[in-house]
Amino acid sequence: MGIAGRRGRFGRVVELSRDVGEIVLDVVVIGAGQAGLAAAYHLRRRGLVPGVDFVVLDSNDGPGGAWRHRWPSLTLGTAHGIHDLPGLALGTPDPTEPASSVVSRYYGTYEETFDLQVRRPVTVREVRDARPEEYTGTGIADRPPLVVVGDDEVWATRTIINATGTWTRPHWPYYPGRELFRGRQLHTHDFWSVEEFRGQHVVVVGGGASAVQFLLPLAEVATTTWATRRPPVFGERSFDREWGIDVERRVKERTRAGLPTLSVVEATGLDLTPAYQQGIDDGVLVSRGMFTRITETGVVFPTTGPDGEPGETEVAADAILWATGFRPAVDHLSPLRLREHAGAIATDGVHVPRDPRVFLAGYGAGASTIGATRSGRAAAVAAARAVEDAADPVRSATARSATVRDETPAPQR
Ligand SMILES: Cc1cc2nc3c(=O)[nH]c(=O)nc-3n(C[C@H](O)[C@H](O)[C@H](O)COP(=O)(O)OP(=O)(O)OC[C@H]3O[C@@H](n4cnc5c(N)ncnc54)[C@H](O)[C@@H]3O)c2cc1C
């Protein structure tokens, strides 16, 4: 049953049945963190109207993206730094205020300032092709339109910008005996305060920035053991503006090949600040290597005896804190079959070579606030172009030079 949908900015290319919504949107942005907001801003700058040509869907109850959930002791003074969103600078907030409130406030102001009309809470459960009986005509590159399925609503769209980050997919590597441990096990995702561990012995797992940021304050109230698969690499560089660009460069090669992305620390090493140096000198930031198994009461490390014979030693623990990172939150894209044999979605910048309707922002090399901002912009430009081309390929090619001016980032206020 085809119906007449409302005309979007670039003209209606397909007709959809009532089952999948009356309006064929140009773009659905999934996720309103740094990447999704940057994308929405640039869609607006290209003339797309929020709520008419595109919608932004977000599973959180309020603004802030993943930052909304970060533990209160993570302040902007201890975080690596937040890159400005386009068009509205963060300014110089109190470095001692929790990053969760600073960033939630900033994103909230941003959404209002640019009237981005983020719809929340909406968790996108799946994105699929519209079925032949649901539409007539064609979408992008002879593909059907996409159907974005939320909790209670569906949207039909020509393209999506997926900007769902990683926070909702904590990674827990498996070690034998994990289910036996009688103490507490938690992930970075669930960490709240070191006070919960006062007087305990905590094994912190993982060689990344989060592990280091947990170990130092934990050492003030508890005793700790640091477990890492590889010796941590502390470098002499600071996490300045160039940091995100450096991460992007190193991670890009892998995502292009569809390989699982590197963690930031695997790509850049850890910045050796004076506080970290002190932590090393105090023995807190010294890795014991990786344990081989978990018991009811602790973790077991391999040892080598004086004559080189292998042995084991158990370290008793009250808690194991898995600071073992996150994976891209892209399960809702499974129906589109985007994954390569290597396990991940291959990308060329924000493009997914397997599907011209899908753009990924904040993915792989874009997983820093500067990378998310840049890839949000690139995804907006690419999605808008794809829609323009589908609507009128000849006119859009001629008009392209005129839109270049539009793509220049707005001056910071
Ligand atoms: C502990 C920690 C500290 C970090 N510190 C820094 C730092 O100091 N500097 C820095 O540059 N980077 C830092 N990063 C990386 C940082 O998270 C990213 O740089 C950036 O904020 C991520 O932005 P994003 O928009 O890609 O994702 P997010 O901020 O995670 O936003 C994704 C949004 O999508 C929503 N979403 C997810 N799934 C769905 C779905 N199915 N349907 C609808 N909505 C969905 C989420 O609710 C969320 O609002 C840190 C990461 C971690 C884990």
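**From a strand pairing to the ligand shell**

Let's start with a single pairing: Thr-304 has Pro-310 in strand E15 as its bridge partner. As you follow along, keep in mind that this model is predicted. Thr-304 belongs to strand E14, which covers residues 298-304 and is joined to E15 by 7 bridges, with the two strands running antiparallel. Step back a little and you will find an open sheet of 3 strands, ordered E13-E14-E15, with antiparallel pairing. Its edges are strand E13 (293-294) and strand E15 (310-316), each of which pairs on one side only.

Now turn to helix H2, residues 99-113. How far apart should its ends be? At 1.5 Å a residue, the 15 residues of H2 should span 21 Å, and the end C-alpha atoms are indeed 21 Å apart, so the two values agree. The buried residues of H2 are Ala-99, Val-102, Val-103, Ser-104, Tyr-106, Tyr-107, Tyr-110 and Glu-111. A general point helps when reading such a list: an α-helix has 3.6 residues a turn, so residues three or four places apart point the same way. Helix H1 is part of what covers the buried residues of H2. Just after H2, Asp-115 takes a positive phi of about 50 degrees.

Helix H1 also brings us to the ligand. Around the ligand are 37 residues, and the closest are Gly-31, Gly-33, Gly-65, Gly-165 and Gly-362. Helices H1 (34-45) and H7 (369-391) each supply at least two residues of this shell, and H1 gives the most, with 3 residues. What kinds of residues make up the shell? They divide into 20 polar, 15 nonpolar and 2 charged.

Note on methods. Residues are numbered from 1 along each chain as its sequence is written. This is a predicted model: local features need pLDDT of at least 70, side-chain atom pairs count only at pLDDT 80 or more; totals for chains, interfaces and linings use all residues. Two strands pair if DSSP finds at least two bridges between them. Helices (H or I, at least four residues) and strands (E, at least two) are DSSP runs, numbered from the N terminus. A residue is near a molecule or strand if its C-beta atom, placed from the backbone, lies within 6 Å of it. Ala, Val, Leu, Ile, Met, Phe, Trp, Tyr, Cys and Pro count as nonpolar, Asp, Glu, Lys and Arg as charged, and the others, Gly among them, as polar. The expected span of a helix is 1.5 Å times one less than its number of residues. A residue is buried if 20 or more other C-beta atoms lie within 10 Å of its own, exposed if 12 or fewer, and partly exposed in between; C-beta atoms are placed from the backbone. Two residues are in contact if their C-beta atoms, placed from the backbone, lie within 7 Å.
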